[in-house]
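Hi,

Here is the structure I promised to pass on. Have a look at it first, and my notes follow underneath.

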2 protein chains.
Amino acid sequence: MRRLPTVSDVAEVAGVSRQTVSNVLNTPAIVRPETRERVQEAIASLGYRPHASARRLRTRRSSTIGVRLDPGTDGMSGSLLDRFLHALVERADRSGLRVLLYTAADEDAEIAVFERLLDGADVDALVLTSTHYGDRRIPWLVEHDVRFVTFGRPWGEHDTTDRSHRWVDVDGRAGLHAGTTSLLEQGARRIAFLGWPVGSGTGDDRRNGWRQAMREAGITDLAGLDLQVEEDPQDLGRGGRAVAGLEPAPDAVVCASDSLALGARLALGPDVPVIGYDDTPLARALGFASIAQPLDEVAAAVLDLIGSDEGVHHRLLTPRLVQR
Amino acid sequence: MRRLPTVSDVAEVAGVSRQTVSNVLNTPAIVRPETRERVQEAIASLGYRPHASARRLRTRRSSTIGVRLDPGTDGMSGSLLDRFLHALVERADRSGLRVLLYTAADEDAEIAVFERLLDGADVDALVLTSTHYGDRRIPWLVEHDVRFVTFGRPWGEHDTTDRSHRWVDVDGRAGLHAGTTSLLEQGARRIAFLGWPVGSGTGDDRRNGWRQAMREAGITDLAGLDLQVEEDPQDLGRGGRAVAGLEPAPDAVVCASDSLALGARLALGPDVPVIGYDDTPLARALGFASIAQPLDEVAAAVLDLIGSDEGVHHRLLTPRLVQR
DNA sequence: TTGTAGGCGTTATCAT
DNA sequence: ATGATAACGCCTACAA
């Protein structure tokens, strides 16, 4: 591999000092325009690029953010992380940030990874996904004064850690409210909700959106319509069976995820409207409506929060109902 | 964020010179055991970790590999990249390698990214996915003497670039051969192949596996059984319609992808055996068989090839038929 | 076996 | 506005 030109090379060609070259790069304003131009020509002619590691060593910042690639995620919605990552990498690049991946089997392992990554100065900020109730990573990061942003709210925490925990999330409640309302407007009355057992922040939030919309429509008797199944990638029949077992049959079903929606769709056929969540390729392919998270906005907000030193510490974005 | 301890700090605590500390880290063999131990204690007590950027600057290697997160991929099989990445990151970590992500809209943009990444010494090797016929990235990388491995064969190239292009791939032909054979053993005779139009290396390779198995079974009349559809995430009815239109109906269908298989499955119902490709969560969920790529092995092979200086320059792995 | 000296490429500080 | 000097943390000679 060819030897790379350095600031000194550029300086020599341009007939200035290394420092001036550095200034042109980092503080162009303080360099006389005519000098600046000469330096820039030299840079172009040599094909010079700053050496990332040298700069990082000097500035003591890696300009790199770490993101975990979780193993879990049923894979169907796994494409969600995929799409989020893509948006994140793209936007990060525009701000001169790199994205480094890591994995960890569980929380303790992940904290050990944090130590390695941070002590080695490999990353100077972290983006966490799939936060959950009682997440031990958060207090660890706060305590160690690490810069981080989570994609996901700190479910159940409203205490002092609040200001030190920056997060971005999507308002699932609003999403399900919109979906349910849209079905109501189309004349459906008996609308079932197919979700996970009570206890997950995300799931409960989405359920509440459905409840609220139903209540607003004057439908207070939700008996039997609140379906809760444990998701099982091996057997999406569960959700389907729960839905098919409803007596009388529902007019429509709103779901906490696209994979649940797939089950419902297969059990009920294409004539009963079904709304999923996440707008995965699956929803597109099968032609059912779904609630799409604005991942590009999420990525932008995450980077914004990572970069800003003060001001707003969290952001709740609104998803969009994709009709089909 | 706390100030990190350096070699000097460790040296001071251990009562030796910086150099000895460095030796303990990099060439433990030449340090007297008793000194070594003292140094290691100091390292542990201070929680010292080498500063990644400083080391990179000095050694001129980043110990980081770049991987592109492509935008394309229909998302269904997108989870394939996900799973591959996961395996790669996990194994890379064991070898002390980091994985950096990048994106690019097209080949030219990607080559521009290469320049940035390499000149900035951000990465010292690249892993490319979704190679295709006439891939311009390959000659560029070879010419610039960049270390890289592709997950995917150089379709159509058997010339001099051969030795300089290291690749790992999965034998789709063998996969479809196995799948088709298994159906034949179950008594099916009229087995259709649902794939993409001729012209993609991957697709043609898979088709050939089916052809070969059929020929070996003495079935030479494949008229009408070789179905070719352009995949369209909006409308997986295409594949389904092609399959449903067969007259007489097929005994079974083997497909070039799980999303094609999904279409076939929905069109034919659960009684006609369908085999997909990639063993995505979709196949698991719907309960159709699929051909699984050994992604963990692929990741291992990729890292192996990246690391080795001589020896084998490519590896063709065999996929596994997952019956359901 | 251990220590000394120098430099990787960059930028911050302080002169000029 | 520009330049000289030093230092970021590490490693590779080479010397002791």
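To start with a small one: which residues does B:Q212 touch, not counting residues up to four places away in sequence? They are B:R173 and B:H177, where contact means heavy atoms within 4.5 Å. With B:R173 there is also a side-chain to side-chain polar contact at 3.0 Å. By polar contact I mean a pair of N or O atoms within 3.5 Å; within protein, one has to be able to donate a hydrogen and the other to accept it, and residues adjacent in sequence count only if both atoms are side-chain atoms.

Before the rest, some housekeeping. This is a predicted model, so local features need pLDDT of at least 70 and side-chain atom pairs count only at pLDDT 80 or more, while totals for chains, interfaces and linings use all residues. Residues are numbered from 1 along each chain as its sequence is written, chains are lettered from A and ligands numbered from 1 in the order in which they are written, and side-chain values use heavy atoms, with hydrogens and water left out.

**The sheet around B:Q212**

B:Q212 is found in helix α9 (residues 201-216) of chain B; helices (H or I, at least four residues) and strands (E, at least two) are DSSP runs, numbered from the N terminus. Chain B has an open sheet of six strands in the order β7-β6-β8-β9-β10-β12, with mixed pairing; two strands pair if DSSP finds at least two bridges between them. β7 (226-228) and β12 (320-322) of chain B are at the edges with a single partner strand each, so one side of each has no neighbour in the sheet. β6 (residues 191-195) and β8 (residues 252-255) of chain B pair in the parallel sense over four bridges, with B:A192 opposite B:V253. α9(B) packs on this sheet, touching β6, β7, β8 and β9 (274-277) of chain B, and its direction makes about 175° with that of β6(B). Axes here are lines fitted to C-alpha atoms, for helices over the stretch in contact, and angles run from 0 to 180 degrees between N-to-C directions.

**Where the chains meet**

The contact takes 53 residues from chain A and 52 residues from chain B. About 5,100 Å² is buried between them, 57% of it from carbon and sulfur atoms; that is the accessible area (1.4 Å probe) that two parts lose on being put together, summed over both. There are seven salt bridges between the chains, each a side-chain nitrogen of Lys or Arg within 4 Å of a carboxyl oxygen of Asp or Glu. One of them joins A:D122 to B:R56, with the closest N and O atoms 3.6 Å apart. Nine residue pairs across the interface are in polar contact (both at pLDDT 80 or more).

**A sheet through both chains**

β2(A) and β2 (residues 98-102) of chain B pair in the antiparallel sense over three bridges, and A:L100 stands opposite B:L100. The result is listed as an open sheet of 12 strands, β11(A)-β5(A)-β4(A)-β3(A)-β1(A)-β2(A)-β2(B)-β1(B)-β3(B)-β4(B)-β5(B)-β11(B), with mixed pairing. β11 (314-317) of chain A and β11 (314-317) of chain B stand at the edges with a single partner strand each, so one side of each is left without a neighbour in the sheet. The twist averages 20° from one strand to the next. Within chain B, β1 (residues 64-68) and β2(B) pair in the parallel sense over five bridges, and B:G66 has B:L100 as its bridge partner.

Cheers
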